[in-house]
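Colleague: Please take one part of this model, the helical packing, and go through it closely, starting from whatever term I need in order to follow the handedness. After that, set the part in its wider context.

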Amino acid sequence: MRTGPTLALFVASGATLGLAANALSPHPALVGRPVVSVAEAGGGACAAPGPLPATAAPRISVAEAAALCQACQAAFVDARSATEFARGHVANAVHLPPAGHPDEAAALDALRGHPLVVVYDGDYSCAVADDVAARLRRAGLGDVRVLAGAWPAWAAAGAPAAAGACGVCGVAEAHP
Amino acid sequence: MRARAALRMALGAVFAWAALSKLPDMAAFAELVANYRLLPPAAVPVFAAVLVGVEAVVGVALLAGLGARAAAGLAAALLLAFTVALAQALVRGIDLACGCFGGGDSASWWTVARDLALFAAALASAALGPGRLGPRPAAPAAG
């Protein structure tokens, strides 16, 4: 088998396979949306340059959100899994994953008492946080924003955090 | 002969595993690629996807012994590129996860050494040929 054509075949078939596999991945890299490094994004690729998708919630920086957190002027919603929440979360955050909350009405009532709700997840694209933010807006909450840089940027900045299972369900595995 | 085949298949398994481990979270892998700060941001998602696909094809080709010399050569070229990318990041003081096998393991000079060892193995496989696991076919009996 000749090496040159074989190499070309490997690269071409690999490129096709890779793009198809990416499209089928549960968390695909969004082709067409630039991805900048964490350092260049100032805390996370949620802050990637370029227009946000139409469904995306407005972003809030870690510095601004941390100041509001310390002044108790914002409520925080953690949209990650219960296990990730138990490992570490924004201090006093409400655990509200996309699958729902055991006492959704009580959680929403608690959030309504705040002028601003900040939603975050652990994923660079903030897709999960955007979904939860949209749900909160549909539930009638006014100012809902998504944390730029997600949980990794919050943790890296040393902003207020706590660990432990969700207070409502008690154990980490009680809800997804 | 069997040693060459074992080397080829071990290398194939490493590449196949490297590709498979990234598939569940390609978005995170794209971010790890961006952290190397070698590519324009717009090119990162496509590059990440293509890289995983090429890794998978190289892995399968080495495991199956199809175009094995070319696959080993391509593996060597990829590993050399990975080594250079890792080394430049470490020299520039960029603190990043390697992204080699989909996880968040930190890049270090140990990672560079591992990639160099794999590069040497790939070069050897390309130079020595694919080898065979089974016995050599019997020569036709002399008439």
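Modeller: A crossing of two helices is called left-handed if the near helix is turned anticlockwise from the far one by less than a right angle, and right-handed if it is turned clockwise. With that in hand, and bearing in mind that this is a predicted model, H4(B) passes H5(B) in a left-handed crossing. The pair consists of helix H4, residues 68-91 of chain B, and H5(B), which pack at an angle of about 160° with their axes 8 Å apart. Since angles over 145 degrees count as roughly antiparallel, H4(B) is therefore roughly antiparallel to H5(B).

On the H4(B) side, the contact is made by B:Arg69, B:Ala72, B:Gly73, B:Ala75, B:Ala76, B:Leu79, B:Leu80, B:Phe82, B:Thr83, B:Leu86, B:Ala87 and B:Leu90. The H5(B) side answers with B:Trp109, B:Thr111, B:Val112, B:Asp115, B:Leu116, B:Leu118, B:Phe119, B:Ala122, B:Leu123, B:Ser125 and B:Ala126. Sorted by class, this contact of H4(B) with H5(B) holds 17 nonpolar residues, four polar residues and two charged residues.

H5(B), which spans residues 109-128, also meets helix H1 of chain B, residues 2-22, and the axes of these two helices come within 10 Å and cross at roughly 130°. H1(B) and H5(B) are therefore oblique to each other, and their crossing, like the one described above, is left-handed. From H1(B), the residues B:Arg4, B:Leu7, B:Arg8, B:Leu11 and B:Val14 take part, and they meet B:Leu118, B:Ala121, B:Ala122, B:Ala124, B:Ser125 and B:Leu128 of H5(B). This contact of H1(B) with H5(B) comprises eight nonpolar residues, one polar residue and two charged residues. Among the H5(B) residues, B:Leu118, B:Ala122 and B:Ser125 appear in the contact with H1(B) and also in that with H4(B).

These helices belong to a chain whose secondary structure comes to five helices and zero strands, so that, read along the sequence, chain B follows the pattern α-α-α-α-α. Of its 143 residues, 43% count as buried. Among the contacts in chain B between residues at least 6 apart in sequence, 71% join residues at least 24 apart.

The helical chain has a partner, and 33 residues of chain A are in contact with 34 residues of chain B. Helix H1 of chain A, residues 3-24, gives the most to the side of chain A that touches chain B, with 14 residues. By class, that side of chain A divides into 20 nonpolar, 11 polar and two charged residues.

Chain A itself is built with seven helices and seven strands, in the sequence pattern α-α-β-α-β-α-β-β-α-β-α-β-α-β. Buried residues make up 42% of its 176 residues, and among contacts between residues at least 6 apart in sequence, 67% join residues at least 24 apart. Five strands of chain A form an open sheet in the order E1-E6-E5-E2-E4, and the pairing is parallel. At the edges of this sheet are strand E1 (59-60) and strand E4 (94-95) of chain A, each of which pairs on one side only.

Within the sheet, strand E6 of chain A, residues 144-147, runs parallel to strand E5 of chain A, residues 117-120, and three bridges join the two. A:Val117 has A:Val144 as its bridge partner in E6(A), and A:Val118 stands opposite A:Arg145 in that strand. Two bridges join E1(A) to E6(A), again with the strands running parallel, and here A:Ile60 stands opposite A:Leu147. Helix H6 of chain A, residues 127-138, packs on the sheet and touches strand E2 (75-78), E5 and E6 of chain A, with its direction at about 170° to that of E6(A).

Between E6 and helix H7 (150-156) of chain A lies a loop that holds A:Gly149. Because A:Gly149 has 26 C-beta neighbours inside 10 Å, this residue counts as buried. The C-alpha atom of A:Gly149 is separated by 7.4 Å from that of A:Val62, although the two residues are 87 residues apart along the chain.

Methods: Residues are numbered from 1 along each chain as its sequence is written. Chains are lettered from A and ligands numbered from 1 in the order in which they are written. This is a predicted model: local features need pLDDT of at least 70, side-chain atom pairs count only at pLDDT 80 or more; totals for chains, interfaces and linings use all residues. Axes are lines fitted to C-alpha atoms, for helices over the stretch in contact, and angles run from 0 to 180 degrees between N-to-C directions. Helices (H or I, at least four residues) and strands (E, at least two) are DSSP runs, numbered from the N terminus. Angles under 35 degrees count as roughly parallel, over 145 as roughly antiparallel, 65 to 115 as roughly perpendicular and the rest as oblique. Two residues are in contact if their C-beta atoms, placed from the backbone, lie within 7 Å. Ala, Val, Leu, Ile, Met, Phe, Trp, Tyr, Cys and Pro count as nonpolar, Asp, Glu, Lys and Arg as charged, and the others, Gly among them, as polar. Two strands pair if DSSP finds at least two bridges between them. A residue is buried if 20 or more other C-beta atoms lie within 10 Å of its own, exposed if 12 or fewer, and partly exposed in between; C-beta atoms are placed from the backbone.
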